[in-house]
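Got a few minutes for a quick tour? Have a look at the sequence and the structure first, then come back for the highlights.

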Amino acid sequence: MISKVSIETHEKSGVTQLKSAFFTMPFKVVDVREDKKNALLELMLMSSSPGILDEDELCFDYLLHENSKLEVTSQSYQRLFTMEKKAIQNTKVTLKENAFLCYMPQPCVPHKKSNFKSINNIYLEKNATLIWGEILTCGRKIKNEVFEFTNYQNITKVYKEKKLVLFENLYLNPKEANPMNVGQFEGYTHQLSLIFLNDSSMINVLKAKIYDYLETKDCLFGVSQTPTNGLIVKILHCKAEKLMEWMKALTRIIKNDGF
């Protein structure tokens with residue numbers, strides 16, 4: 001099935017509004033902002049499908065006009081079902097000047113013999129701010145499906161004023177290399193990746209605060225500065241719920257102190 005979601009936002013009188021929303025089955029976009037006067041528009045991506053199936057093609061397009069602020073979450077875990085071929089997801093994000101996007105979907109759960117490729121192309125204009133979080137699990141641990149998927153690949157490219165400033169390629173093929181090995185997941189089963197980019201942020205101060213927070217947690221983590229003004233946080237753990245909790249906490253730290 002080919003499914004598409006297209007979101008466009010704009011700012012009016014200091015409040016971000018949904019300018020247009022287009023979606024096909026099985027998706028639906030819901031405004032979950034409680035305070036309609038809040039400058040931040042909060043959207044939840046919902047799906048009537050239990051997950052992503054063989055030969056699915058998913059296309060997402062987010063366009064945020066000048067000064068608009070958007071937070072995107074998802075309704076439930078993204079399950080990748082057993083496949084004979086593969087499924088593909090393409091996401092395009094465009095942030096105009098001074099726009100802000102916080103993207104925090106629920107974790108991805110690749111089932112046995114699933115084959116999935118995701119490509120994210122993100123375009124930032126001057127003073128745009130990005131928080132981009134994604135969580136990958138090993139699969140259905142309760143059914144002893146630990147890294148039994150065929151392939152998982154997630155490519156993220158971020159362009160700053162048309163220049164490529166960040167490229168990330170997470171590729172896992174458990175038959176080629178055991179993800180549990182040293183130098184990969186180090187015995188852990190779940191990974192959180194969080195990207196933050198902002199032109200004016202005091203990155204060294206923010207980096208120290210993130211370190212202080214994560215050092216008290218039972219996890220393996222790293223925090224790296226990007227070539228442009230930003231950070232990438234990687235966390236390894238064995239429970240998706242904990243990673244979701246920490247991702248939300250780190251996002252709060254970034255929102256309060258990052259810009």
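Here is a short briefing, grouped by topic.

Keep in mind that this is a predicted model. A good place to start is the open sheet, which is made of seven strands. From there we can move to the nonpolar cores, the aromatic rings and a few single residues.

**The open sheet**

- Which order do the seven strands of the open sheet follow? They run S2-S1-S5-S8-S11-S13-S14, and the pairing is mixed.
- The edges belong to strand S2 (15–23) and strand S14 (163–172); each has a single partner strand, so one side of each is left without a neighbour in the sheet.
- Going from one strand to the next, the twist averages 10°.
- Take S13 (residues 151–160) and S14 as a pair to look at: they are antiparallel and share nine bridges.
- Within that pairing, Leu166 of S14 sits opposite Val158.
- In general, the strands of a sheet pair through backbone hydrogen bonds, either parallel or antiparallel.

**Strand S6 and its partners**

- Strand S6 (residues 69–74) is largely enclosed by the rest of the structure, because five of its six residues are buried.
- One partner of S6 is strand S4 (residues 41–47), and the two pair in the parallel sense over five bridges.
- If you want a spot to zoom in on there, Glu42 has Glu71 in S6 as its bridge partner.
- S6 is also joined by five bridges to strand S9 (residues 100–104), and these two run parallel as well.
- Here Thr73 is the residue that stands opposite Met104 in S9.

**Nonpolar cores**

- How many residues does the largest nonpolar core have? It has 44, and the ones with the most contacts inside it are Tyr62, Leu70, Leu95, Leu101 and Leu130.
- There's a second, separate core of 27 residues, with Phe100, Leu214, Leu243 and Leu250 among them.
- As a general point, nonpolar side chains tend to be buried together in soluble globular proteins.
- Not counting residues up to four places away in sequence, Leu70 touches a list of residues that includes Ile7, Leu40, Tyr62, Phe100 and Leu101.

**Aromatic rings**

- A search of the whole structure turns up eight aromatic pairs.
- In the pair of Phe147 and Phe149, the ring centres are 6.0 Å apart and the planes stand at 70°, so the pair is edge-to-face.
- Are these two rings' residues buried or exposed? Phe147 is buried, with a relative accessible area of 6%, and Phe149 is buried too, at 3%.
- Tyr62, Tyr103 and Trp132 come together as one aromatic cluster.

**Backbone oddities in the loops**

- Phe147 shows up again here: its phi is positive, about 50°, although it is not a glycine.
- You'll find Phe147 in the loop between strand S12 (129–136) and S13.
- Glu161 also has a positive phi, near 50°, and is a residue other than glycine.
- Glu161 belongs to the loop between S13 and S14.
- Where does the peptide bond turn cis, with omega near 10°? That's the bond from Met25 to Pro26.
- Pro26 is in the loop between S2 and strand S3 (27–31).

**Two buried residues to look up**

- Thr226 lies in the loop between strand S16 (220–225) and strand S17 (230–237).
- With 9% relative accessibility, Thr226 counts as buried.
- The side chain of Thr226 reaches the backbone oxygen of Thr228 at 2.7 Å.
- Leaving out residues up to four places away in sequence, Thr226 touches Leu166, Leu197, Leu231 and Ile232.
- Gln191 is part of strand S15 (residues 190–197), and it is buried as well, with a relative accessible area of 12%.
- Setting aside neighbours within four places in sequence, the contacts of Gln191 include Glu134, Leu170, Phe185, Lys234 and Leu243.
- Gln191 and Asn98 are 93 residues apart along the chain, and their C-alpha atoms are separated by 30 Å.

Note on methods. Residues are numbered from 1 along each chain as its sequence is written. This is a predicted model: local features need pLDDT of at least 70, side-chain atom pairs count only at pLDDT 80 or more; totals for chains, interfaces and linings use all residues. Side-chain values use heavy atoms; hydrogens and water are left out. Helices (H or I, at least four residues) and strands (E, at least two) are DSSP runs, numbered from the N terminus. Buried means under 20% relative accessible area, exposed over 50%, partly exposed in between (1.4 Å probe, protein chains only). A polar contact is a pair of N or O atoms within 3.5 Å; within protein, one must be able to donate a hydrogen and the other to accept it, and residues adjacent in sequence count only if both atoms are side-chain atoms. Contact means heavy atoms within 4.5 Å. Two strands pair if DSSP finds at least two bridges between them. Axes are lines fitted to C-alpha atoms, for helices over the stretch in contact, and angles run from 0 to 180 degrees between N-to-C directions. A nonpolar core is a set of buried Ala, Val, Leu, Ile, Met, Phe, Trp, Tyr and Cys residues joined through side-chain atoms within 4.5 Å. Rings of Phe, Tyr and Trp (its six-membered ring) pair if their centres lie within 6.5 Å; planes under 30 degrees apart count as stacked, over 60 as edge-to-face and the rest as tilted.
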